[in-house]
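Welcome! Please take a moment to look over the sequence and the structure before reading on.

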Amino acid sequence: MKPLAIFGALCGAGLGLLAASRPALADDGIPPPPTAMDPSSAINPISIVNGAGIVVGEGTVFKPQVGVETGVVSNVFYENNNPVAAGLLRVLAEVGTGSLPTQRLLARSSANGTGDPEPADTSAPTYSGSGDFQYSANLYASYDQYLSTNDEVNNQGGLAGGLLLRGIVHPMSPLQFSFQEDFERQIRATNFESNDDTNRDVNTLDLRVNYQPTGRSLGGYLYLQNTIDVFEQTTQQFANRLHTLLGLHVNWQWLPLTRVYVDVSGGYYTGIGNSEKNDSLPLTAVAGIQTALTLNTIVNAYAGYTNGFYSAGPSFSSPIGGVFLGYRYSPLGRVTIRYGYEHQDSINANFYRDHVIQGSLEQYFVPFLLYIRPELRLREYDGTIVMGSAGAAVRDDTIVAATVGMRYNFRDWIAATLDYELQLVSTDFRYDAGTGMPIDPSYVRHELLVGVRAAY
């Protein structure tokens with residue numbers, strides 16, 4: 001495929017990464033786990049059950065998990081017209097081990113107001129018998145097999161998955177070193193019927209030096225983040241990129257349930273190999289507050305400034321900000337809402353700007369769990385790699401996404417799952433892929449899957 005032909009596919013690929021921007025902040029000294037691997041998340045693709053595991057040493061447990069699900073996908077190729085539907089069979093597997101205490105393994109992200117931790121004392125953690133080094137390691141995989149008589153559809157399946165390593169050195173000391181290594185292979189079809197795909201490999205390394213004197217209200221950390229994002233198809237490597245970010249985060253525990261923070265970061269973003277990505281030197285400075293208004297209501301808010309400093313083409317120089325509200329209306333029910341005004345580097349343009357509104361509702365009817373997570377993004381791409389039909393290098397998208405599902409826990413170690421996902425991209429941007437006909441990259445996609453997960 002030529003760059004013109006897959007431009008729409010790369011634009012749409014961002015929808016699967018709505019939560020992929022990596023937060024730079026966390027509350028327990030370790031970089032926050034990726035959204036998909038967060039065991040406290042109701043929509044975690046694998047870790048929704050918990051077995052006793054296999055003890056392989058003092059304080060170390062080996063935990064295998066498996067799952068299978070099947071259903072239907074309404075639009076395999078993310079097409080605007082004449083979408084191709086197909087059945088889907090997915091097999092999931094995960095093995096994990098480690099010595100991190102449970103409360104660290106369940107750490108939630110709190111970055112830039114996008115997470116929802118309850119403010120806590122920032123003094124150095126005191127886990128009994130924790131040792132000088134704690135770690136966790138998770139290897140996970142999913143294999144997709146489309147159920148179709150169309151060979152081009154069947155070719156879009158394959159193996160996805162990754163490896164997640166997390167650890168912390170001297171966890172009981174005021175001065176700590178922590179790391180997270182996250183590799184993921186993502187599989188995705190093109191935006192037109194084809195034997196090709198837009199599979200990519202993303203590797204992110206987070207390093208952090210934490211300093212939090214015991215009993216003091218002031219602390220913080222210095223962090224370094226490196227991301228390598230490459231496409232597997234040779235014809236798509238014009239979008240390959242490398243991100244390196246260095247930052248400083250300072251916490252001030254103002255009140256027992258109120259934390260104020262400041263975060264300043266700068267980076268160097270560039271292309272890899274034959275990439276057409278323009279270099280940039282992003283700078284971001286934010287200040288935020290995390291607090292509990294009541295025992296059941298939390299608020300996280302942040303505001304700041306960011307500048308892209310792109311070497312060519314359009315750049316951004318803009319205020320940013322956001323707010324997160326969480327309310328636990330009953331012991332078994334919780335609702336959240338988040339608004340953010342964000343700027344991010346893009347694989348198919350210099351950058352994109354988002355107004356994002358996200359919500360969630362989780363309600364337990366033991367042993368059932370019901371969750372609903374809608375999302376709306378008003379996105380603007382600037383400096384698109386491919387010009388629009390009218391010569392424009394700006395693309396405006398309206399992105400609607402929603403995930404709805406249920407869990408039924410037969411036991412702690414086995415559960416049934418039901419998941420529905422909606423993806424909708426609407427844009428008036430058109431481009432010419434060399435066919436003489438303008439291409440509309442808008443699409444609507446539905447996915448319905450039912451399955452079972454089990455842990456040992």
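This report looks at how some strands pair and at the surroundings of one glutamine.

## A word on the model

Please keep in mind that this is a predicted model.

## Strand 2 and its partners

A good place to begin is strand 2, which covers residues 60-73. Strand 1, made of residues 54-57, pairs with strand 2 in the antiparallel sense, and three bridges link them. One residue pair to look for here is Gly57 with its bridge partner Thr60 in strand 2.

Strand 2 also runs antiparallel to strand 3 (residues 86-98), and 13 bridges join these two. To find this pairing in the structure, you can look for Glu69, whose bridge partner in strand 3 is Arg90.

Next comes strand 21, residues 443-455, which is paired with strand 2 through nine bridges, again in the antiparallel sense. Val73 has Glu447 of strand 21 as its bridge partner.

## Around Gln423

Now let us move to Gln423, which sits in strand 18, a stretch that spans residues 414-427. Is Gln423 buried or exposed? Its relative accessibility is 10%, and buried means under 20%, so Gln423 counts as buried.

Which side chains does the side chain of Gln423 touch through polar contacts? One is the side chain of Glu421, at 2.9 Å. Another is the side chain of Tyr443, at 3.4 Å. Residue 443 also falls within strand 21 (residues 443-455), the strand that pairs with strand 2.

Definitions and conventions
Residues numbered from 1 in each chain as written. Predicted model: local features only at pLDDT ≥ 70, side-chain atom pairs only at ≥ 80, totals over all residues. Heavy atoms only, no water. Helix = DSSP H or I, 4+ residues; strand = E, 2+ residues; numbered from the N terminus. Buried < 20%, exposed > 50% of the residue type's maximum accessible area, 1.4 Å probe, protein only. Polar contact = N/O pair within 3.5 Å; in protein donor to acceptor, adjacent residues only side chain to side chain. Pairing = 2+ DSSP bridges.
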